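Reader: I would like a close look at a single part of this model, the salt bridges and the places where their partners sit. Please take it slowly and connect that part to what surrounds it.

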Amino acid sequence: MRKKPIDDIEEESKHSGLFKSLGLWQLTAIGVGGIIGVGIFSLAGLVAHGSKDTPGVGPAVLISFLIAGLASAAAALSYAEFAGMIPRAGSAYTYGYVALGEVIGWFIGWDLLLEYIAIVAVVAIGISGYFDAFLSGIGLHMPAWMTSTVDEGNGGVINLPAILVCLLVTWILSRGTKAFGRFELVAVAIKVVLILFIIGLGIFYINTKNYNPFMPSGFGPVLAGSATVFFAVFGYDAMSTAAEEATDGKKHMPKAIVLSLVIAMLLYVAATLVLTGMQNYKDINPTAGFASAFTGAGLPVIATIISVFAVLSILTVMLTFLLGVTRVWFSMSRDGLLPGWFAGTDKHGTPQRVTWIAGIASALLAGVFPIKAVADLTNIGILAAFVVVCLAVIVFRYKKPDAPRTFRLPLMPLVPAFGVLASAFLMIQLHWETWLRFVVWLMVGLVIYFTYGRKHSLMNPESPRHQQA
């Protein structure tokens, strides 16, 4: 239960090898880039339409997004308070380490390694769906064996486009944070313009009869849907892993976290109303919702344009979360909980080794698993991280009330307590198989911690890493 002293963090950051090149608007763009993407372009249609295991919620997908957004907002404010105190790579891992102790920090860090890699994979699967829709729009058709997985039951073997896009994003991130930040700013601007265009044009094709019934399957599936679309309302947590690369992390990180969530939720509300108003929920394509809605409205050219720009805009989500996993991995390695070899950086200030390992792992995951299984796996891990961060901010506020904070979340402890309860409630909505995979991963992590991390931690006075230094 040894805790990392907050005073050590600033000194470590000076010698990290990471470059400080991200301003407020670049950080906000990374946050928006991580939040808005596959959630609006794929998961909204999936939850509205339903799958073989879960009934469609129809237009009530809007309520699913609002429930998920409310839970996420409580966690976002908790992240903002920590980010203003501890502008360090690692995000929830670091916050848990400082406030609750090493083993809690380890569990969240280990959890995030899997979850962020899985997020990159599920977004790649979403891109693959829109890429397939784009090709169909211009009269080309890829064979089923190379565009879907075996589990989807339509003759698929491997999702090759998803694998290739994972490797492309890995290459972009490997070019360095400064280049990545510029790309993200431009790509997010294109994404926001695209969504505003979809909303503005789609309004003219809304048929209000599609809103009736508003909640065709009752409230239960809406709650379950909120656990799935929760994937769509975080992203600021991965952005906070870049705090050490911000030009003024203590000042800019809290603002960027709050700004990114507010912008995303406003766009989500409008977009889901347009999607379910344009097309009956039973007819929505669960992997390329807006493309199918505009095709159904007799605008196939618009659908093709949306598919092209959806691919570009969803890339920003992959970049944000691949950045997240590499910085958490880097931070855990620097602290001695994983081998220091992973913490090496190159001339771009980029941890190349973990970047390529994480990128290849996400490519393998994207190539063989269906989208819902991967989405649920990511959600349980992020929800667990949110529970820890919300608990940690309460503990730290009362144990270290005088620690300098550039942002203080309101209504302490009600807001973070609500975040704990809401996140735990959404976790309960997930399938038992998702829980099983999650527990197995944590058990593997427990073995690694007690056989390696506990001994080599820099917080251990007898750590071999001290002798190497």
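**A buried glutamate and its partners**

Author: In this predicted model, Glu81 is a fitting place to begin, because its relative accessible area is 0% and the residue therefore counts as buried. A search of the whole structure finds four salt bridges, and Glu81 takes part in one with Arg397, where the closest N and O atoms are 2.7 Å apart. That pair links distant parts of the chain, since Glu81 belongs to helix α4 and Arg397 to helix α15, with their positions 316 residues apart. Arg397 is likewise classed as buried, because its relative accessibility is 11%, and the cut-off for that class is under 20%.

Glu81 also meets the side chain of Arg405 in a salt bridge, at 2.9 Å from N to O. Here again distant parts of the chain are linked, with Arg405 in the loop between α15 and α16, Glu81 in helix α4, and 324 residues separating them. Arg405 and Glu81 are both buried. Side chains of opposite charge can pair when their charged atoms come close.

Another of the salt bridges joins Arg437 to Glu433, the closest N and O atoms being 3.9 Å apart. These two residues are four apart in helix α17 (residues 432-456), so about one helical turn separates them. Arg437 counts as partly exposed because its relative accessibility is 36%, and Glu433, with a relative accessible area of 36%, is therefore partly exposed as well. Salt bridges that share partners join Glu81, Arg397 and Arg405 into one network.

The helix that carries Glu81 deserves its own description. Helix α4 (residues 61-85) has 25 residues that should span 36 Å at 1.5 Å a residue, and its end C-alpha atoms are 36 Å apart, so the two values agree. Helix α4 is mostly covered, with 19 of its 25 residues buried.

The loop that carries Arg405, between α15 and α16, holds further local features. Leu411 lies in this loop, and its phi is near 55°, a positive value in a residue other than glycine. Leu411 counts as exposed because its relative accessibility is 60%. The peptide bond from Met412 to Pro413 is cis, with omega near 0°, and Pro413 is placed in the loop between α15 (371-399) and α16 (414-428). Elsewhere, a cis peptide bond with omega of about 5° joins Asn212 and Pro213, and Pro213 sits in the loop between α8 and α9 (219-229).

As for the wider setting, the protein chain has 18 helices and zero strands, and 60% of its 469 residues count as buried. Among contacts between residues at least 6 apart in sequence, 82% join residues at least 24 apart. The structure holds zero disulfides; Cys390 counts as buried because its relative accessibility is 0%, and Cys166 does so at 1%.

On the surface, Leu164, Leu167, Leu168, Trp171, Trp356, Ile360 and Leu364 form a nonpolar patch with about 670 Å² of accessible area together. Helices α7 (160-174) and α14 (352-368) are the elements that give two or more residues to this patch, and the largest share, four residues, comes from α7. Leu167, which lies in helix α7, counts as partly exposed because its relative accessibility is 32%.

Definitions and conventions. Residues are numbered from 1 along each chain as its sequence is written. This is a predicted model: local features need pLDDT of at least 70, side-chain atom pairs count only at pLDDT 80 or more; totals for chains, interfaces and linings use all residues. Side-chain values use heavy atoms; hydrogens and water are left out. Buried means under 20% relative accessible area, exposed over 50%, partly exposed in between (1.4 Å probe, protein chains only). A disulfide is a pair of cysteine sulfur atoms within 2.5 Å. Patches are made of residues with over 30% relative accessible area and no salt bridge: like charges are joined within 9 Å, nonpolar side chains (Val, Leu, Ile, Met, Phe, Trp, Tyr) within 5 Å. Accessible areas come from the Shrake-Rupley method with a 1.4 Å probe; for residues, only the protein chains shown count as cover. Contact means heavy atoms within 4.5 Å. The expected span of a helix is 1.5 Å times one less than its number of residues.
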